[in-house]
Amino acid sequence: MGSKEEKTDPTFVAVAYGFLLVINFFSFPKFLVQTEGMAYKVDHEYDYLFKIVLIGDSGVGKSNILSRFTRNEFCLESKSTIGVEFATRTLQVEGKTVKAQIWDTAGQERYRAITSAYYRGAVGALLVYDITKKQSFDNVLRWLRELREHADSNIVLMLAGNKSDLNHLRAVSETDAQQLAEKEELAFLETSALDANNVEKAFQTILLDIYHIVSKKALAAQEAAASIPTKGTTIKVENGVKDSKGNCCSN
Ligand SMILES: Nc1nc2c(ncn2[C@@H]2O[C@H](COP(=O)(O)OP(=O)(O)O)[C@@H](O)[C@H]2O)c(=O)[nH]1
Ligand SMILES: [Mg+2]
């Protein structure tokens, strides 16, 4: 008797199966559209992704430059121990959608312990010093050495003298910084994460330079590809020496 009760009613199975089919019929196409929609978005979210690293002494304002650029936020307290790995912002550069992925240190610059992984794949760098701290400017050369050792040789570099709002406490003149930038072939700007002066411009300049390099490289690659013989091109090979049996190249 008990086993008879456990047997599932075939009508119930048929109805449930039919019900599932109806649900699938309505939900499956929607699911497809959603998936395709997401894939479309992922594929076409941006044309380029550029990794940019922030470097410079501790306390110069790197984390605040990042939060100003990506979230339009500034924090007066120093929170050097709480570091995000990177933050992103998507913007337009010459009609292309560029996603800037900006990497920040988590305070390890204090111990001169930035690993080469931090620089890996970076196509741009913003080297920051504090205009009120001479020491941070003197260390620019040390940071440049580190960059040249670890980063790609084509990396786009910009020097930023941050805290331009503290002009009354200035310890580094704009002329000195300009001269150093010219000597080391760097772009240069004074910035302020506090009042947002030149923060946008600094990143725009770096991204534009990177974009120019990348698009020039893409054009060169296209031209090189165009000069390679295409499918169906006949390449004439001179006849080899044939022996008496007509075999080619025998000894
Ligand atoms: N006046 C002023 N203070 C700033 C500026 N940028 C950062 N700071 C302050 O400098 C301190 C260190 O900033 P932080 O972004 O943590 O520097 P980081 O160690 O290089 O990441 C914080 O107290 C910030 O509020 C700026 O442009 N102007
Ligand atoms: Mg920081």
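Trainee: Which residues of helix α6 (residues 140-150) are buried?

Mentor: The model is a predicted one, and a residue counts as buried when its relative accessible area is under 20%. An α-helix has 3.6 residues a turn, so residues three or four places apart point the same way. In helix α6, the buried residues are V140, R142, W143, L144, E146 and L147.

Trainee: Against which elements do the buried residues of α6 pack?

Mentor: The partners include both helices and strands. Among the helices are α4 (116-119), α5 (134-138) and α7 (174-183). The strands that the buried residues of α6 pack against are β1 (48-55), β4 (124-130) and β5 (156-162).

Trainee: Where is N139 placed, and is N139 buried or exposed?

Mentor: N139 lies in the loop between α5 and α6. Leaving aside neighbours within four places in sequence, N139 is in contact with D57 and R112. The relative accessibility of N139 is 11%, and the limit for burial is under 20%, so N139 is classed as buried.

Trainee: How many residues does the largest nonpolar core have?

Mentor: In soluble globular proteins, nonpolar side chains tend to be buried together. In this model, the residues with the most contacts inside the largest nonpolar core are Y119, L126, Y129, L159 and F203. The number of residues in that core is 53.

Trainee: Which helix gives the largest share of this core?

Mentor: The contributing helix spans residues 199-226. Its share of the core is 7 residues, and the helix is α8.

Trainee: Which residues does Y129 touch, not counting residues up to four places away in sequence?

Mentor: Y129 is one of the residues with the most contacts inside the core. Residues touched by Y129 include V60, S136, F137, V140, L159 and A160. The others on the list are G161, N162, V172, A177, F188 and E190.

Trainee: How many residues surround ligand 1?

Mentor: The closest of these residues are G59, N64, C75, L76 and D165. By class, the shell has 7 nonpolar, 8 polar and 6 charged residues. Helix α3 (residues 62-71) gives the most to the shell, with 3 residues. The number of residues surrounding ligand 1 is 21.

Trainee: What percentage of ligand 1 does the protein bury?

Mentor: Several atom pairs may be considered beforehand: an N or O atom in the side chain of K62 is 2.8 Å from an oxygen atom of ligand 1, and a polar side-chain atom of D165 lies 2.8 Å from a nitrogen atom of the ligand. A193 takes part through its backbone, where an N or O atom lies 2.8 Å from an oxygen atom of ligand 1. Taken alone, ligand 1 exposes 570 Å², and the part of that area buried by the protein is 91%.

Trainee: What separates the C-alpha atoms of F74 and D195?

Mentor: F74 is found in the loop between α3 and β2 (86-93). Not counting residues up to four places away in sequence, F74 touches N64, S67, R68, A193 and L194. F74 and D195 are 121 residues apart along the chain, yet their C-alpha atoms are separated by 8.7 Å.

Trainee: Why is E185 classed as exposed?

Mentor: E185 is located in the loop between α7 and β6 (187-190). Its phi is near 55°, a positive value in a residue other than glycine. A residue counts as exposed over 50%, so E185 is exposed because its relative accessible area is 74%.

Trainee: What is the phi of N198?

Mentor: N198 is placed in the loop between β6 and α8, and N198 is partly exposed, with a relative accessible area of 23%. Although N198 is not a glycine, its phi is positive, at about 65°.

Trainee: In which strand is K99 placed?

Mentor: At 17% relative accessibility, K99 counts as buried. Leaving aside neighbours within four places in sequence, its contacts include E45, Y46, Y48 and L49. K99 is placed in the strand of residues 96-103, namely β3.

Trainee: What percentage of the residues in the protein is buried?

Mentor: The protein has 8 helices and 6 strands. Its exposed area is about 16700 Å², of which carbon and sulfur atoms supply 56%. Of the 251 residues in the protein, the buried ones make up 33%.

How values were computed: Residues are numbered from 1 along each chain as its sequence is written. Chains are lettered from A and ligands numbered from 1 in the order in which they are written. This is a predicted model: local features need pLDDT of at least 70, side-chain atom pairs count only at pLDDT 80 or more; totals for chains, interfaces and linings use all residues. Side-chain values use heavy atoms; hydrogens and water are left out. A nonpolar core is a set of buried Ala, Val, Leu, Ile, Met, Phe, Trp, Tyr and Cys residues joined through side-chain atoms within 4.5 Å. Buried means under 20% relative accessible area, exposed over 50%, partly exposed in between (1.4 Å probe, protein chains only). Helices (H or I, at least four residues) and strands (E, at least two) are DSSP runs, numbered from the N terminus. Contact means heavy atoms within 4.5 Å. A residue is near a molecule or strand if one of its heavy atoms lies within 4 Å of it. A polar contact is a pair of N or O atoms within 3.5 Å; within protein, one must be able to donate a hydrogen and the other to accept it, and residues adjacent in sequence count only if both atoms are side-chain atoms. Accessible areas come from the Shrake-Rupley method with a 1.4 Å probe; for residues, only the protein chains shown count as cover. Ala, Val, Leu, Ile, Met, Phe, Trp, Tyr, Cys and Pro count as nonpolar, Asp, Glu, Lys and Arg as charged, and the others, Gly among them, as polar.
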